[in-house]
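User: I should like to go through this model by question and answer, beginning with the ligand and its surroundings. Please set out the reasoning before each result.

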Amino acid sequence: MDKDIYILGIESSCDETAAAVVVNGRTVLSNIIASQINIHEKYGGVVPEIASRNHIYNISPVIDEALQVAGVSLHDIDAIAVTYGPGLVGALLVGLNYAKALSYASNKPLVGVNHIEGHIYANFICHKELEPPFVSLVVSGGHTHLVYVKDYGKFEIMGRTKDDAAGECFDKVARAVGLGYPGGPKLEKAALDGNPHAIEFPRAMLDDTSLDFSFSGLKSAVLNYLNKAEMTGENIFIPDVCASFQKSVTDVLAQKALLACKNKNSNKLALAGGVSCNKALRNEILKICTENNITLYMPEPIYCTDNAAMIASCGYYEYISGLRSPLSLNAYPNLELTGA
Ligand code: KG4
Ligand code: ZN
């Protein structure tokens, strides 16, 4: 039998410092995440400089803990996988430089991982039977992509947002209705007490055949609704605003994901990214997939938001395909998902 491959994953692209040990790309031995939510909450969003400084405090203990919980030492690790983009440049550099130093000191190969690609690979951790090809809907704070995963490391971007990402839109609307940061989960909670049909917000680009998204019009529509209510002194029920906004986003995401599956004749759809924690979205997409005989794959919520196990999984597939990154690897805040 082939030797097991142990990958240490490191992630620091936004406000989570994370490290994980994953065997053969699919079995998680440890998944340590130091969240900075409490620190950034009072500013209403992530402050990049503060995020970088906290990564510096957290990175060493988080990696030590990941190795300890996994019951391995650096000696047992075959390669070090690290996110090198996209993300906040200062934040990325902390994880990347630490990974490079570890790689140099321990003489273990370095494998740079694209964060968006990592989100997709969370599905391989949670669904051992899943193999490409399949369609993936990646919905995070910075990205909204429909991706055709042809094979490991081989992607075709079928559609993307032309403006705001879905998560960004959740965060901005949450802030506008006074829910604060992190917006997505707070808005989802508030929406539980609201009526999703109370207000008719726009569903941009739902009628055309393009697989691109646009969420800035929806965001403006919510802001206009709030401003108008304030000016006319009309009473508004915030949970209705949240539920109606959420319904608008989930309808568009679900319909476009279905269209992407139809275009590729794919009967497999995999969700990825922080917004895919959202239960209204999960339920809507599950309903549509069931009606259309599509198998839906959804990572557990802890693997939807930022984590290093997904980076280690992606790193594993790159490692076995022979990819090695040089110690000169830089951080790329706007790194695109490529690999056709
Ligand atoms: O993937 P992620 O952790 O980080 C990025 O790569 O951006 O995604 C974070 C985004 C944030 O915009 C957050 O508000 C959103 O995911 N999010 C949610 C939920 N949980 C996280 N959005 C809607 N509903 C949720 N339950
Ligand atoms: Zn992410």
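Analyst: For what follows, Ala, Val, Leu, Ile, Met, Phe, Trp, Tyr, Cys and Pro count as nonpolar, Asp, Glu, Lys and Arg as charged, and the others, Gly among them, as polar. The model is predicted.

User: How do the residues of the shell around ligand 1 divide into nonpolar, polar and charged?

Analyst: The surroundings of ligand 1 comprise 19 residues, and Gly141, Asp171, Glu188, Gly274 and Asn278 come nearest. By the classes above, the shell divides into 5 nonpolar, 11 polar and 3 charged residues.

User: Which domains each supply at least three residues of the shell around ligand 1?

Analyst: Among the helices, α4 (115-126), α5 (166-176) and α6 (183-191) each contribute at least two residues to the shell. At the level of domains, at least three shell residues come from each of domain 1 (6-121 + 304-320) and domain 2 (131-298).

User: What share of the exposed area of ligand 1 does the protein bury?

Analyst: Ligand 1 sits in the largest pocket. A polar side-chain atom of asparagine 278 is 3.0 Å from a nitrogen atom of the ligand, and a polar backbone atom of glycine 142 lies 3.4 Å from one of its oxygen atoms. Taken alone, ligand 1 exposes 550 Å², and the share buried by the protein is 87%.

User: Which residue has a backbone N or O atom 3.5 Å from an oxygen atom of ligand 1?

Analyst: A polar contact requires a pair of N or O atoms within 3.5 Å. The backbone atom at 3.5 Å from a ligand oxygen belongs to valine 275.

User: Where is the proline that a cis peptide bond joins to tyrosine 181?

Analyst: Most peptide bonds are trans. The bond between tyrosine 181 and proline 182 is cis, with omega about -5°. Proline 182 lies in the loop between α5 and α6.

User: In which loop is asparagine 107 found?

Analyst: Most residues other than glycine have a negative phi. Asparagine 107 has a positive phi, near 60°. Its location is the loop between α3 (89-106) and β5 (110-114).

Note on methods:
Residues are numbered from 1 along each chain as its sequence is written. Chains are lettered from A and ligands numbered from 1 in the order in which they are written. This is a predicted model: local features need pLDDT of at least 70, side-chain atom pairs count only at pLDDT 80 or more; totals for chains, interfaces and linings use all residues. Side-chain values use heavy atoms; hydrogens and water are left out. A residue is near a molecule or strand if one of its heavy atoms lies within 4 Å of it. A polar contact is a pair of N or O atoms within 3.5 Å; within protein, one must be able to donate a hydrogen and the other to accept it, and residues adjacent in sequence count only if both atoms are side-chain atoms. Accessible areas come from the Shrake-Rupley method with a 1.4 Å probe; for residues, only the protein chains shown count as cover. On a 1 Å grid over the protein atoms alone, a cavity is a set of points where a 1.4 Å probe fits but cannot get out, and a pocket is an open set with protein on both sides within 12 Å along at least five of seven lines; lining residues have an atom within 4 Å of a point. A molecule sits in a cavity or pocket if more than half of its atoms lie within 2 Å of its grid points. Helices (H or I, at least four residues) and strands (E, at least two) are DSSP runs, numbered from the N terminus. Domain bounds come from an automatic or database domain assignment.
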